[in-house]
Amino acid sequence: MKIDGDDFSNNGITHFRYNYKWKPRIVLEAFVQGQYNKISKIDARYLAGLGPRFKLSNLENYKFYIGTLVMYEHEKLIDGSEPTEDIRGSAYFSCSLYPNDIFSFISTTYYQPLFTKFSDYRIASESSLGIKAFKNFIFKVTYVFTYDSEPAVDIQNSQYQLTTGILYSFN
């Protein structure tokens, strides 16, 4: 999106995750991620992480998980500062709720402190509500919230995004 020739919004993320089922309730996860976000002054942020995820429930329609990971982070900001390399923790809670054939709720919240400075942390949360409109069509509302205790200069600590859409399932 551009306004008067200037980019108004320019961000993207690529995320790959591999899960290995180690025990019935324990999965080992590995991931790599790349992202950029002009609004947050992130020219490039690269992450790679590894750790366990624990299944808290055996109910098919109500799934709950917690995960703890260690991740390497390389970040270059648009503000001209030197790129940084750090090790962060990443703890998260995730749930997928399917109370009936009409409604679904899926949410994941991450807490990511810097190991060398716990006062430097990020919180990221994404929650989606799906409502089945009719066969194969779902109305979806998604809310994304991010908080960075030490963002780039002149950037607010918290940001949010609300999106709506319609999904079509081919099954």
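The side chains of T142 and S128 are joined by a polar contact of 2.8 Å. T142 sits in strand β10, and its relative accessible area is just 8%, so it counts as buried. Keep in mind that this is a predicted model. Strands are what you'll see throughout: the chain has 11 of them and 0 helices.

**The overall picture**

- If you walk along the sequence, the pattern reads β-β-β-β-β-β-β-β-β-β-β.
- The C-alpha trace spans about 50 × 45 × 25 Å along its principal axes.
- Out of the 171 residues in the chain, 29% are buried.

**The sheet**

- An open sheet is built from 9 strands, in the order β3-β4-β5-β6-β7-β8-β9-β10-β11, and the pairing is antiparallel.
- At the edges you'll find β3 (11-23) and β11 (158-168), each of which pairs on one side only.
- Going from one strand to the next, the twist averages 15°.
- In a regular strand, side chains alternate between the two faces of the sheet.

**Zooming in on β3, β4 and β5**

- Strands β3 and β4 run antiparallel, with 12 bridges between them.
- The hairpin that joins β3 to β4 gets from one to the other through 2 residues.
- For a landmark in this pair, look at H15, whose bridge partner in β4 is Q33.
- Next along, β4 (residues 26-37) and β5 (residues 42-55) also run antiparallel, and here 11 bridges do the joining.
- Two landmarks help you line these strands up: I26 stands opposite F54 in β5, and Q35 has R45 as its bridge partner in β5.
- The β4 and β5 hairpin has 4 residues between the strands, and K41 in that hairpin takes a positive phi near 60°.

**Salt bridges**

- The count of salt bridges comes to 12.
- One of them pairs R53 with E29, with the closest N and O atoms 3.5 Å apart. R53 lies in strand β5 and E29 in strand β4, so this pair ties together parts that are 24 residues apart in sequence. Both partners are charged residues tucked away from the surface: R53 is buried, and so is E29.
- R45, the bridge partner of Q35, also has a salt bridge of its own, meeting E73 at 3.7 Å, N to O. That contact links distant parts of the chain, with R45 in strand β5 and E73 in strand β6, 28 residues apart. Here too, R45 is buried and so is E73.
- R45 and E73 also belong to something broader, namely a network of salt bridges that links R45, E73, E75, R88, D120, R122 and D148.
- K117 and E150 bring their side chains together in another salt bridge, at 2.9 Å from N to O. K117 is in strand β9 (residues 117-134), while E150 is in the loop between β10 (137-148) and β11, and the two are 33 residues apart.
- Are K117 and E150 buried or partly exposed? K117 has a relative accessible area of 38%, so it is partly exposed. E150 comes out at 38% too, and is therefore partly exposed as well.

**A nonpolar patch on the surface**

- Which residues make the nonpolar surface patch? They are V70, Y72, I87, Y111, F115 and F118, and the patch covers about 550 Å².
- Y72, one of the patch residues, is found in strand β6 (residues 62-77).
- Why does Y72 count as partly exposed? Its relative accessibility is 33%, and partly exposed covers the range between under 20% (buried) and over 50% (exposed).

**Quick recap for the bench**

- For the fold, picture an open sheet of 9 strands with antiparallel pairing, with β3 and β11 as its edge strands.
- For buried charged pairs, go to R53 and E29, then R45 and E73.
- For a partly exposed pair, go to K117 and E150.
- For nonpolar surface, go to the patch that includes Y72 and F118.

Terms used. Residues are numbered from 1 along each chain as its sequence is written. This is a predicted model: local features need pLDDT of at least 70, side-chain atom pairs count only at pLDDT 80 or more; totals for chains, interfaces and linings use all residues. Side-chain values use heavy atoms; hydrogens and water are left out. Patches are made of residues with over 30% relative accessible area and no salt bridge: like charges are joined within 9 Å, nonpolar side chains (Val, Leu, Ile, Met, Phe, Trp, Tyr) within 5 Å. Accessible areas come from the Shrake-Rupley method with a 1.4 Å probe; for residues, only the protein chains shown count as cover. A salt bridge is a side-chain nitrogen of Lys or Arg within 4 Å of a carboxyl oxygen of Asp or Glu. Buried means under 20% relative accessible area, exposed over 50%, partly exposed in between (1.4 Å probe, protein chains only). Two strands pair if DSSP finds at least two bridges between them. Axes are lines fitted to C-alpha atoms, for helices over the stretch in contact, and angles run from 0 to 180 degrees between N-to-C directions. A polar contact is a pair of N or O atoms within 3.5 Å; within protein, one must be able to donate a hydrogen and the other to accept it, and residues adjacent in sequence count only if both atoms are side-chain atoms.
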